[in-house]
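These are my notes from a first look through a structure that is new to me. I wrote down each thing I looked up and what came back.

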Amino acid sequence: MTFINVIHAHSTVLLIVSFLLFSFLMPILERWKNSWCATMAVAAHVLAFVFIGNLSWRVFTEGTIHYELGGWSPPWGIEFVVDYLALFMLITISTVSFLILIFGTVDLTHELKPKVLGLYYTLYLLLVGAMMGLAVTNDFFNMFVFMEIAAISACGIISVKSDRECVEASFKYLMLSAVGTGCVLLSVALLYMIGGHLNFAFAAVAIQDVAHIYPNNILVALALFSVGFIVKAALFPLHVWLPDAHSSAPSPSSAILSGLVIKIYTVVYLKLLYKVFPIELFDLLPVFDMILILSALSIFFGSIFAIVQEDIKRMLAFSSIAQIGYVFLGIGLANSTGLTGGLLHIFNHAMMKSMLFLSAGAIIYCTGIRKIDDLKGIGLKMPVVMGAFTIGAMAMVGIPTTNGFISKLYLALGTLDANKHFYLAIILISSFLNCLYYFPIVINAFFGESEEEDGEEEIQVKKLPLRMSVPLIILGAGCMIFGIFPKYILVIIERAVEMIL
Amino acid sequence: MIDFADVAMRLFENMYYLVSVILFVIGFHTMLTHSNLIKKVIGMNIMDTAIFLFFVSTGYVQGGVAPIIEPGVEQAYINPLPTALILTGIVVAVSVTAFALSLVVKIYEHYGTLDAEEIMRIRSTES
Amino acid sequence: MGETTTSFLPVFVTLFPMLMTLVIYYVQKESAKLRNKLSVITSIITFIAVAAMYPQIIRGDILVFELFEIIPEMGFVGTFRVDILSFCLALISSFVWMLATIYSIDYMSHEHAQNRYYPTLIFTLGACLGIFVAGDFFTLFIFFELMSVISYVLVVHEETEEALKAGYKYIIMTIIGGLALLLGVINTFELAGTVSLEHTGMITTASGLAFATFIAYIIGFGMKAGMFPLHVWLPDAHPVAPAPASALLSGIMLKTGAYGLFRVFFNVFNVEFLQETNWIFVVTVLAVITILLGSAVAITQYDLKRRLAYSSIGQMGYVLLGMSLFTEAAILGAIFHIFSHAFMKGCLFICAGAIIVKTGKRDIRELGGIGIKMPVTMIAFTTASLAMIGIPPLNGFLSKWNLALGALDGGAPFYVVVLLISSLMNGLYYLPIIINAFFGEEVLHQEIKADDVPFKMLLSIVVLAVCCLIFGVSPINLPFDLSRMATDLLIGGGI
């Protein structure tokens with residue numbers, strides 16, 4: 001019984017610590033028994049499900065959990081807060097990364113050199129642990145530390161495959177990420193100077209008191225935070241690292257980077273905007289308008305750039321830029337419908353984009369083809385993969401009965417509630433643009449005739465392993481199920497939104 | 001009217017902040033304009049150093065001593081929190097630098113040059 | 001006015017075909033015959049299920065069913081609601097679909113990729129019926145998009161270069177229409193707070209947003225109905241599909257757009273509001289242009305199926321014109337024309353399919369003397385064409401008569417002139433085909449067997465032609481009675 005008590009009392013920190021522990025043990029395991037690395041990584045995720053199950057039960061029955069590390073209460077100790085928003089992110093991160101990991105255990109054996117295969121799981125578990133830490137953190141410096149862990153491990157899972165594009169893309173990502181983190185640290189310094197607290201709740205109170213004495217500090221801090229998070233979440237115009245990084249990385253890395261990593265920064269930004277900065281500030285400074293404009297540009301240009309791409313993973317990467325624009329649109333609208341739509345889109349896009357990247361990975365695994373033009377007729381040879389891709393494409397465009405439609409519906413209603421009809425037009429036009437670059441692939445795959453130049457250029461298809469097709473099927477089913485019954489996930493999101501606004 | 005003496009005095013009093021801002025700009029500028037990859041990494045380091053300087057200097061209390069408590073003696077101590085935080089930050093910066101430099105080594109193996117523009121040219125001509 | 005009863009039938013007619021799609025898809029690995037039989041049986045059962053709603057509908061009841069809540073806070077619940085208008089359209093759809101499926105068995109026996117065709121056909125049936133039995137605009141939108149996307153597979157069935165281009169144009173324009181429709185539905189929700197079809201006159205105050213909503217609906221549903229200027233996908237997509245699919249695309253799927261506009265005019269806005277703001281004039285003008293354009297361009301086409309496609313554009317113009325005139329006779333004419341056109345155009349397309357199967361020729365200049373070789377087919381073709389032109393006592397005449405009466409009632413004799421001119425043009429492009437077929441010289445110097453097409457194809461052709469004949473000016477006219485009841489419903493308050 002004491003074991004259960006331990007879990008019950010300390011789930012929050014055990015969740016993150018378990019990931020860190022497993023990732024530290026991984027290099028040892030790699031030397032000793034290399035084949036167990038993948039299993040250990042999966043076991044870490046299963047353990048995480050146990051903790052998250054416990055946390056969700058507690059949050060639903062008791063309300064927000066405040067966990068103090070080491071028993072030191074804030075402001076002297078570090079605090080983790082698990083409210084509905086954090087719970088939502090934890091559930092999203094754990095489920096999607098679990099499915100990506102299962103896919104990766106097979107795919108990576110072909111993409112990476114054997115001696116780095118075990119080390120990949122180290123970086124992967126570090127990344128997932130850091131993202132979970134970012135979801136629950138309530139402390140400035142804690143946030144900084146987890147951000148850095150996430151940045152290094154994210155760059156790591158790109159450069160672990162040592163092709164020239166991977167290394168270059170990883171370097172660019174690292175440099176830009178360092179700029180972003182630098183800006184964030186500087187703004188933490190500015191806020192600490194006047195507030196004297198690092199805990200979000202205490203800092204908010206302190207900043208509220210001194211806002212009229214030191215307005216410049218707060219303004220500059222807000223600006224630097226925005227810049228930092230815009231770099232990390234790849235919003236236009238600071239998105240330049242994303243296409244290279246996501247397209248050259250191994251497919252599971254692309255999936256987790258596009259699906260989860262850029263999203264967690266939007267959630268942290270949301271937490272900062274609403275929990276730390278005083279409300280009056282937003283009347284003085286049009287932060288939300290600026291976010292809206294940047295998100296509109298992001299949506300528009302992401303889609304436009306995606307249309308002209310030839311490589312399938314690069315196109316998916318540009319599509320991610322557009323989709324993160326939707327999430328920021330939800331944040332920028334600042335009303336409950338819009339915010340619900342933005343948060344729901346985090347969940348939906350995590351599922352859709354992971355599924356799309358994993359199917360692209362499956363196609364590359366089985367046929368070695370990356371150019372869109374060469375993918376004619378592949379639908380008949382790989383029906384499961386292309387079926388998943390088709391569901392993902394339909395969800396991205398926003399066809400009803402898929403989950404993408406529900407989040408776009410909420411966003412559209414949010415724009416109407418906020419009386420910003422221009423953004424409604426942006427949403428609709430961008431859905432149409434999405435269709436322009438997704439449907440040709442689907443059409444080509446199912447109805448195109450494979451080019452037979454000498455009669456021998458037929459695409460050679462390897463068989464798809466079960467461990468790769470099962471995550472695709474689960475994600476595809478998830479897209480459709482959450483398209484028809486979104487209320488299961490909406491329950492959490494709506495309570496989260498209520499607490500924020 | 002701007003009183004230059006007054007401004008100079010205030011700048012001098014806040015010398016740490018001024019220097020850290022100048023360093024930040026130098027570091028950022030280096031990162032952006034120099035095309036040698038190692039110089040970019042150095043620029044990142046200068047930028048991080050500037051931020052650390054800024055943060056640590058906020059912890060200084062006039063007339064305070066190092067925060068080691070001697071029992072029985074009442075003294076003003078400087079704020080230990082920023083120094084602790086910056087220790088972590090320095091460690092992080094070092095790890096990022098190490099990682100970045102190892103990436104630079106790998107890039108050099110692939111391309112044979114450390115110049116970013118040269119690399120762009122090689123990539124665009126061959127792809 | 002009857003009461004509202006709960007019945008599972010609306011859900012059944014929608015979901016049964018969709019579920020059977022999966023069964024058919026798996027069965028086809030076993031045997032092609034089983035797949036064919038199963039498809040036909042599915043369509044027959046669906047038709048019987050729709051017809052089973054008849055006794056309750058005739059009494060004036062409305063059948064509702066609440067399936068499940070999708071987003072309860074928003075009030076988006078999947079409801080189904082069948083009133084007379086829905087019943088009319090569901091009945092004609094399932095009837096023609098049943099005949100088209102029977103026809104498909106022999107027509108498609110020499111085609112490829114039948115494994116894709118039959119499941120898609122049945123699934124589209126379910127989605128199409130879903131549009132008609134939907135109880136609120138949200139559900140309608142869901143089924144509308146589903147039908148649009150899945151019917152793409154039917155359009156590009158041949159997989160030729162031409163088919164792929166036509167299909168691409170079709171799906172792009174359909175998605176644009178769908179997005180415009182989504183804009184309309186969202187705006188309606190914003191302005192009225194509900195999108196359920198239980199209310200009429202949801203938006204009755206004029207504002208910029210209301211007008212934008214109106215235009216969004218026009219674009220969304222008009223794109224599907226082939227209204228000028230959104231018809232450009234139609235002349236490419238309909239000819240390129242296999243003949244039974246063309247019959248369904250022209251005969252039924254265009255009507256979903258018209259049905260949607262019916263619901264917009266009577267449920268979202270109401271008649272008085274549209275007349276007083278005169279927004280309906282936009283529709284009238286576009287309908288007139290559609291009629292004249294469709295008929296005129298049809299005269300210049302030499303490909304048989306393309307000519308029929310342009311003719312469909314013109315005929316849908318009649319329905320839109322009738323809808324927009326808002327007099328009792330005009331609406332009666334519009335609804336009855338939905339029935340008649342489904343019969344007529346369905347018959348014409350499948351006759352065209354029979355001709356193409358037998359002779360391989362699509363150009364009408366090469367179809368001389370074919371009436372002798374394929375008598376039954378060409379007699380059916382003639383019947384349907386005469387009905388199209390509007391010769392009494394066929395059903396086309398009855399609908400045009402009512403439309404003309406409606407125009408006169410509305411005090412706008414101009415539209416009668418339009419009707420007459422377009423009937424003349426209809427004659428100009430149908431009669432040459434018939435005359436050439438029976439009295440023309442034999443251009444074909446090849447030996448065709450003197451027997452006609454296979455029995456199952458003949459069955460559908462003959463049934464549809466007979467429907468054109470008996471549902472004209474005759475005492476037993478079920479479609480006409482149904483149309484009259486639907487008109488009473490709409491004029492009388494729309495609930």
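Which residues lie nearest the centre of the second largest pocket? I started there, keeping in mind that this is a predicted model. I found Glu168(A), Lys172(A), Asp244(A), Met120(B) and Arg123(B) nearest the centre, out of a lining of 46 residues. I noted a volume of about 1,300 Å³ for this pocket.

Next I looked up which elements line the second largest pocket. From chain A, I listed helix 6, helix 8 (215-233) and helix 9 (242-248) as giving two or more residues each. From chain B, I listed helix 2 (15-33), helix 3, helix 4 and helix 5 (116-126) on the same basis. Helix 6 of chain A has the largest share, with eleven residues. By class I wrote down 22 nonpolar, eight polar and 16 charged residues for this lining.

**Chains in contact**

I then asked which chains touch. There are two pairs of chains in contact, and chains A and B share the most contacts. Chain B and chain C do not touch, and I noted 31 Å between their nearest C-alpha atoms.

I went on to the contact between chain A and chain C. Chain A brings 31 residues to it and chain C brings 33 residues. The buried area is about 2,800 Å², and carbon and sulfur atoms give 82% of that. On the chain A side, I found that Leu413(A), Leu428(A) and Phe447(A) supply 22% of the area buried against chain C, more than any other three residues.

I looked for salt bridges between chain A and chain C and got a count of zero. I also looked for residue pairs in polar contact, both at pLDDT 80 or more, and that count is zero too.

Which helices of chain A supply at least two residues each to the side that touches chain C? I found helix 17 (403-417), helix 18 (421-447) and helix 20 (487-500). Helix 18 of chain A has the largest share, eleven residues. I sorted this side of chain A by class and got 23 nonpolar, four polar and four charged residues.

**Cavities**

My last search was for closed spaces. Over the whole structure I found three cavities of 30 Å³ or more.

The largest cavity has a volume of about 90 Å³. Its lining takes residues from chain A, among them Phe144(A), Glu148(A) and Leu185(A), and from chain B, among them Asp48(B), Phe52(B) and Val96(B). Helix 5 (140-159) and helix 6 (164-195) of chain A give two or more residues each, as do helix 3 (37-57) and helix 4 (80-111) of chain B. I counted the lining by class as seven nonpolar, three polar and two charged residues.

The second largest cavity has a volume of about 70 Å³. Here the lining includes Phe405(A), Lys408(A) and Ser431(A) from chain A, and Phe141(C), Glu145(C) and Leu182(C) from chain C. I noted helix 17 of chain A, with helix 6 (137-155) and helix 7 (161-192) of chain C, as each supplying at least two residues. Helix 7 of chain C gives the most, three residues. By class, this lining has seven nonpolar, two polar and two charged residues.

Note on methods: Residues numbered from 1 in each chain as written. Chains lettered and ligands numbered in written order. Predicted model: local features only at pLDDT ≥ 70, side-chain atom pairs only at ≥ 80, totals over all residues. Heavy atoms only, no water. Contact = heavy atoms within 4.5 Å. Buried area = accessible area lost by both parts, 1.4 Å probe. Salt bridge = Lys/Arg side-chain N within 4 Å of Asp/Glu carboxyl O. Polar contact = N/O pair within 3.5 Å; in protein donor to acceptor, adjacent residues only side chain to side chain. Helix = DSSP H or I, 4+ residues; strand = E, 2+ residues; numbered from the N terminus. Nonpolar A, V, L, I, M, F, W, Y, C, P; charged D, E, K, R; others polar. 1 Å grid on protein atoms, 1.4 Å probe; cavity = no way out; pocket = protein on both sides within 12 Å on 5 of 7 lines; lining within 4 Å. Points joined across faces, edges and corners; volume = space filled by probe spheres on them.
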